[in-house]
Amino acid sequence: MAEILVLVDHVDGAVRKPTLELLTLARRLGEPSAVFLGPGADSATEVLGRYGARKVYVVDAPEVDEYLVTPAVDTLTQLAERTGPAAILLPSGPDGKEIAARVALRLGSGLITDAVDVTAGPEGPVTEQSAFAATYQVTAHVTQGVPVITVKPNAAAPEAAPADPVVEKQDVTFGPASHAVRVLSRTPRERGDRPELTEADVVVSGGRGVNGAENFALIERVADALGAAVGASRAAVDAGWYPHSHQVGQTGTQVSPQLYLAAGISGAIQHRAGMQTSKTIVAVNKDADAPIFELADHGVVGDLFAVLPQLVDEIERRRS
Amino acid sequence: MKIVVCVKHVPDATADRTFSEDGTTDREAVDSLLSELDEYAVEQALRLSESDADAEISFLTVGPDDARDALRKALAMGGDAAIHVSDEDIEGSDAFGTSLVLAKAIERHGFDLVLCGMASTDGSMGVLPALLAERLGVPAVTHLEELAIEDRTVTGRREGEGATVRIQGALPAVVSVTDRSGDARYPSFKGIMAAKKKPVETLGLSDLGIEAAQVGRAGARSAVDTATRRPPRAKGEIVADEGTGGIGLAAFLTTKKFI
């Protein structure tokens with residue numbers, strides 16, 4: 001079976017969940033080979049193997065951390081030329097998409113971004129994407145070269161398939177483009193104890209109706225009661241009530257959790273584009289005509305400052 | 001400094017957009033306008049020109065006749081001139097075809113800085129700035145929320161995955177900015193009138209030395225198999241809170257096994 005190159009997304013060797021989803025999808029297409037850039041491969045190999053990586057290619061060069069995007073482009077392009085993979089999978093996101101596009105251009109390959117599913121087809125991988133604020137489902141395939149595909153978080157549930165990976169250190173020649181954009185500093189965002197927005201099974205979001213930064217404590221209380229990540233609408237973020245890294249919507253993060261709770265969010269198209277593929281949607285809003293109720297499996301027309309505290313109390317009562 | 005801002009004419013993102021039978025965006029069904037995310041790039045170009053008397057701003061688009069409306073909107077906001085690449089063989093181009101056309105037009109015009117939005121609001125791939133940089137052989141200083149140019153060096157803040165990154169590259173360069181980079185101005189009446197007199201150059205593929213087979217459907221490297229409207233979500237239960245809304249919500253979440 002042909003190799004499938006999977007670019008590993010990690011923080012100092014701690015592999016992020018979307019990579020495990022990519023390995024799971026890659027097994028439908030061939031034999032996954034993880035491509036690990038930077039230091040920390042030793043601590044990552046076990047988990048990569050557990051999710052089915054047959055090989056781990058390691059490129060640990062200073063360029064990887066010192067320059068933006070292009071060192072990964074040189075790496076994947078050269079590995080693709082050496083290994084002749086049947087597909088290359090990367091995580092969607094600003095970095096992953098830029099890497100993917102440049103690799104595809106260099107290889108003369110087609111590119112598909114933001115896939116929400118990938119399956120094996122008669123002519124190679126078939127992808128599913130959401131389009132037009134998630135009102136459409138599109139299936140597509142690459143018609144030229146090695147398919148390069150970026151995949152959104154939560155596209156598949158990670159499934160373990162233990163393998164004992166062969167670790168191969170690879171040398172890569174970094175061209176001038178790999179020294180073009182220097183990373184001056186890197187400040188990791190505070191993670192806190194809550195799950196990451198893109199990876200969370202449950203997301204609790206607040207919007208304009210939350211009416212103030214201090215009131216987001218209530219949204220956080222609900223989130224903690226449900227083990228959820230906290231999201232915010234663009235209106236709430238623009239008002240400075242919650243950090244932009246939590247913005248759910250077309251220009252923020254697009255989420256697809258098992259449960260999405262929208263509080264004080266009217267459901268403008270910009271917001272819907274970021275959440276309407278969620279499995280179950282519930283909404284609390286005092287305006288009965290808010291478009292969010294068109295999406296809701298269960299909606300409460302009422303004051304979120306009455307409904308949400310009662311919800312938290314009831315969750316605690318049912319659990320005790 | 002010679003600045004080229006790439007803009008796209010897109011179907012209104014707040015309207016009910018559809019696909020044509022051939023899997024391309026239906027441009028007839030709804031009104032089109034300058035992509036909102038490109039307005040931020042236009043704005044940054046105008047701000048840069050305020051501190052650089054030698055700045056010369058051109059807007060560039062590729063698309064059918066009515067794509068000119070996007071150029072007019074940008075010119076009404078400010079800037080000096082525009083370039084419209086239009087050729088029926090371009091129709092159906094993927095990001096590779098489009099980036100080839102744009103790169104050739106940019107090379108022909110000359111540039112110190114190419115400015116782009118973070119993505120279009122229709123295709124929303126967000127890969128064009130990277131492809132332009134790759135084709136032009138210049139740095140891609142992308143996805144910036146904040147930028148400054150000093151001594152022909154671009155420095156900016158990029159909100160990356162899990163981290164904020166400060167990055168730097170030398171001009172000539174491709175820069176893209178996010179919707180966090182600063183609110184775009186509204187065209188003034190004076191600006192709208194002035195835009196009518198600004199030159200718009202129209203180019204075809206032959207002006208750029210591009211063969212028809214390199215772009216359009218013929219040059220596309222991927223194909224859409226199906227585009228189907230997602231079935232509407234089943235109508236849920238909407239209840240008015242009469243003092244037990246939170247308890248009812250908890251009961252619903254329990255039936256769905258979230259509690």
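This passage walks through the aromatic ring contacts in a predicted model. A pair of aromatic rings is described by how far apart the centres are and by the angle of the planes. Over all chains, the count comes to four aromatic pairs.

Take F132(A) and F19(B) to begin with. Their ring centres are 4.7 Å apart and their planes meet at 25 degrees, so this pair counts as stacked, the cut-off being under 30 degrees. F132(A) comes from the loop between β8 (124-131) and β9 (136-142) of chain A, while F19(B) comes from the loop between β2 (9-11) and β3 (32-34) of chain B, so the pair joins two chains. Neither ring is left out in the open: F132(A) is buried, at a relative accessible area of 6%, and F19(B) is buried too, at 17%.

F19(B) also pairs with Y136(A), and here the arrangement is edge-to-face, with 4.9 Å from centre to centre and 80 degrees between the planes. Y136(A) sits in strand β9 of chain A and F19(B) in the loop between β2 and β3 of chain B, so this pair joins two chains as well. With a relative accessibility of 7%, Y136(A) counts as buried, because the cut-off for that label is under 20%. Put together, ring pairs tie F132(A), Y136(A) and F19(B) into a cluster.

A contact of another kind turns up in chain B, between a charge and a ring. The charged end of R221(B) sits over the ring of F96(B), at 4.2 Å from the ring centre.

Technical notes:
Residues numbered from 1 in each chain as written. Chains lettered and ligands numbered in written order. Predicted model: local features only at pLDDT ≥ 70, side-chain atom pairs only at ≥ 80, totals over all residues. Heavy atoms only, no water. Phe/Tyr/Trp six-rings, centres within 6.5 Å; stacked < 30°, edge-to-face > 60°. Helix = DSSP H or I, 4+ residues; strand = E, 2+ residues; numbered from the N terminus. Buried < 20%, exposed > 50% of the residue type's maximum accessible area, 1.4 Å probe, protein only. Lys NZ or Arg CZ within 6 Å of the ring centre and 35° of its normal.
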